[in-house]
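Please examine the structure below, with attention to its nonpolar interior and the elements that build it.

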Amino acid sequence: MPCYAALAALFLFGPAAAQQDHTLTGDIRMHKSFHSKILNNDRDILVYLPPGYESNKKKRYSVLYLNDGQNLFDGATSFIPGQEWRVDETVQSLIATGQIEPLIVVGIYNTGKDRINEYTPTEDQKFKMGGKADVYGRMLVEELKPFIDTNYQTRKDARHTGLGGSSLGGLVSLYLGLKYSDVFGRLAVMSPSVWFANKQILREIETVRKKPPLRIWVDTGTKEGTTAEEAQQTVVNARLLKETLVRKGWRLGKDLSYFEAEGAEHNERAWATRMEPVLKFLFPR
């Protein structure tokens with residue numbers, strides 16, 4: 001179980017305080033203060049568009065929705081100043097070299113103070129917080145996705161729609177992917193916080209009666225923790241997640257990929273190094 005300092009880091013995955021240069025690459029659109037009536041709050045939305053998007057108004061694209069949007073594209077807004085996932089650079093390169101299909105990436109900002117609650121399906125009794133993932137999921141499915149589908153050239157079906165994130169963002173992506181498998185068909189579950197609420201996510205998977213057609217990437221670093229014991233437990237939890245998915249019918253190398261990044265910590269730099277294999281597995285050319 002993470003210490004309180006680690007939980008504080010999960011809570012604070014918001015905008016960085018220090019001034020940094022912007023590092024945006026490619027055609028990225030900003031939707032400031034996207035309002036949710038369901039959650040009664042606002043958040044910024046970033047939309048990365050693939051090369052050639054403007055030249056063909058009839059072409060439609062797969063969409064990957066990613067949580068913690070301020071950490072994905074821009075070192076000026078990332079939680080760790082100057083460190084970001086480099087999603088824009090990685091997607092741009094992989095599309096240009098024909099290694100993945102051209103796709104749209106939607107970065108969904110977290111709101112800071114609401115992050116833990118929105119990214120967790122149930123309350124953690126020890127920390128007395130969490131449990132609004134169902135409401136957050138309604139925002140994604142009932143408000144944000146219709147907005148994106150209306151304003152951009154998207155392929156709307158689940159087979160061409162992904163959801164992902166890291167840490168609690170990975171946890172909520174898996175939870176909502178299982179709940180809305182008719183909306184999201186591809187999941188990027190990076191360094192998921194399996195430990196939250198006494199590993200409730202494992203029990204959620206166990207309740208699945210019929211395996212939905214989800215293509216899932218799961219990973220973890222081997223140094224994710226403030227102590228060696230915490231890091232080892234994180235790996236153990238990730239393996240439990242993998243084994244639970246396999247037991248429910250997912251097949252390694254087919255519709256499930258599992259990866260342990262040797263020496264990788266729990267931060268943006270680590271996730272940036274894994275974006276290429278994630279994208280190649282979820283959106284192959």
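The questions and answers that follow concern a core, a helix and a strand.

This is a predicted model, in which local features need pLDDT of at least 70, side-chain atom pairs count only at pLDDT 80 or more, and totals for chains, interfaces and linings use all residues. Residues are numbered from 1 along each chain as its sequence is written, and side-chain values use heavy atoms, with hydrogens and water left out.

Q: Which residues touch the most other members of the largest nonpolar core?
A: A nonpolar core is a set of buried Ala, Val, Leu, Ile, Met, Phe, Trp, Tyr and Cys residues joined through side-chain atoms within 4.5 Å, where buried means under 20% relative accessible area with a 1.4 Å probe, protein chains only. The largest such core has 53 residues, and the members that touch the most others are Val-106, Leu-144 and Ile-216.

Q: Where does helix H4 bend?
A: H4, a DSSP run of H or I with at least four residues, covers residues 133-151. The bend is the angle between axes fitted to the seven residues ending at a residue and the seven starting there. Pro-146 follows within four residues of the bend, which is about 35° and lies at Leu-144.

Q: Is strand S4 largely enclosed or not, and why?
A: S4 spans residues 103-108, a strand being a DSSP run of E with at least two residues. Leu-103, Val-105 and Gly-107 point one way, and Ile-104, Val-106 and Ile-108 the other. Because six of its six residues are buried, S4 is largely enclosed by the rest of the structure.

Note on methods:
Buried < 20%, exposed > 50% of the residue type's maximum accessible area, 1.4 Å probe, protein only. Expected span 1.5 Å × (residues − 1).
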